[in-house]
Amino acid sequence: MKMHWFAVAPLVALALGCSEPDSTVTRSTEDEQFEITLKAKKNHLKLGEALPILVTVESTTGQLITTTSDTIDFVANLGSVWPSRLVFTFVGRDDSVSTGVTTVYSEWVTFTLEQPAEGRQADLHALFRDLDTTLKIRIVEE
């Protein structure tokens, strides 16, 4: 059976041209000691909708030696995120406090689409140390 280019071209264009943004992104710091994951149930929103996003920070080297406090700041275009900052502490092995977060910290933030931008996408940036983890959110019509 002979295939014609005009029968295959739309399938190739569909496969190459329209990719959906991921609903989960994971990035590591340059020193590969920490990993940040942003996970949403879906990757698209309508104007005025809110999207809960699970933010997870993991120490990839296990429990730290000393207790360390850190922050993740959030920056969004075409919307807002609440809270705009997460502050957390990893309890170190040398600390006398034996309870608390040792290797994995997770918390929810909410992104709300506020500006009409038909045919565009919103971005949520999680800024942690030398890392910018970006979750892309497709904007859909009403």
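Good morning. I begin with a pair of strands: S4, residues 50-59, and S8, residues 104-113, run antiparallel and are joined by nine bridges. I should say at once that the model before you is predicted. Within this pairing, valine 57 has tyrosine 105 of S8 as its bridge partner.

Strand S8 also pairs with strand S6, residues 79-82. Here the two strands again run antiparallel, with four bridges between them. One point of contact to find on the screen is serine 80, whose bridge partner in S8 is threonine 112.

Let me stay with strand S4 for a moment, since proline 52 lies in it. Is proline 52 buried, exposed or partly exposed? Its relative accessible area is 42%, so proline 52 counts as partly exposed. From proline 52 to tryptophan 82 there are 30 residues in sequence, and the C-alpha atoms of the two are 9.6 Å apart in space.

Now to the chain as a whole. It contains one helix and ten strands. Followed along the sequence, the pattern is α-β-β-β-β-β-β-β-β-β-β. The chain has 142 residues, and 32% of them count as buried.

I turn next to an open sheet. Five strands make it up, in the order S3-S10-S9-S5-S7, and their pairing is mixed. Which strands stand at the edges of this sheet? They are S3, residues 44-45, and S7, residues 85-90. Each has a single partner strand, and therefore one side of each is left without a neighbour in the sheet.

The partner of S3 deserves a closer look. Strand S3 and strand S10, residues 131-139, run parallel and are joined by two bridges. At this junction, leucine 45 stands opposite isoleucine 139 in S10.

As general background for viewing such strands, the side chains of a regular strand alternate between the two faces of the sheet.

Finally, the surface. A patch of negative charge is found there, where Glu30, Asp31, Glu32 and Asp130 gather. Where in the chain does aspartate 31 sit? Its place is the loop between strand S1, residues 24-28, and strand S2, residues 34-40. With 45% relative accessibility, aspartate 31 is classed as partly exposed, because that class covers values between the buried limit of 20% and the exposed limit of 50%.

To close, I would ask you to keep two images in mind: strand S8, bridged to S4 and to S6, and the open sheet of five strands with S3 and S7 at its edges. Thank you.

Notes:
Residues numbered from 1 in each chain as written. Predicted model: local features only at pLDDT ≥ 70, side-chain atom pairs only at ≥ 80, totals over all residues. Heavy atoms only, no water. Patch = residues over 30% accessible without salt bridge, like charges linked within 9 Å, V, L, I, M, F, W, Y side chains within 5 Å. Areas by Shrake-Rupley, 256 points an atom, 1.4 Å probe, with all protein chains shown as cover. Salt bridge = Lys/Arg side-chain N within 4 Å of Asp/Glu carboxyl O. Lys, Arg positive; Asp, Glu negative; His and termini not counted. Charge placed at Lys NZ, Arg CZ, Asp CG, Glu CD. Buried < 20%, exposed > 50% of the residue type's maximum accessible area, 1.4 Å probe, protein only. Pairing = 2+ DSSP bridges.
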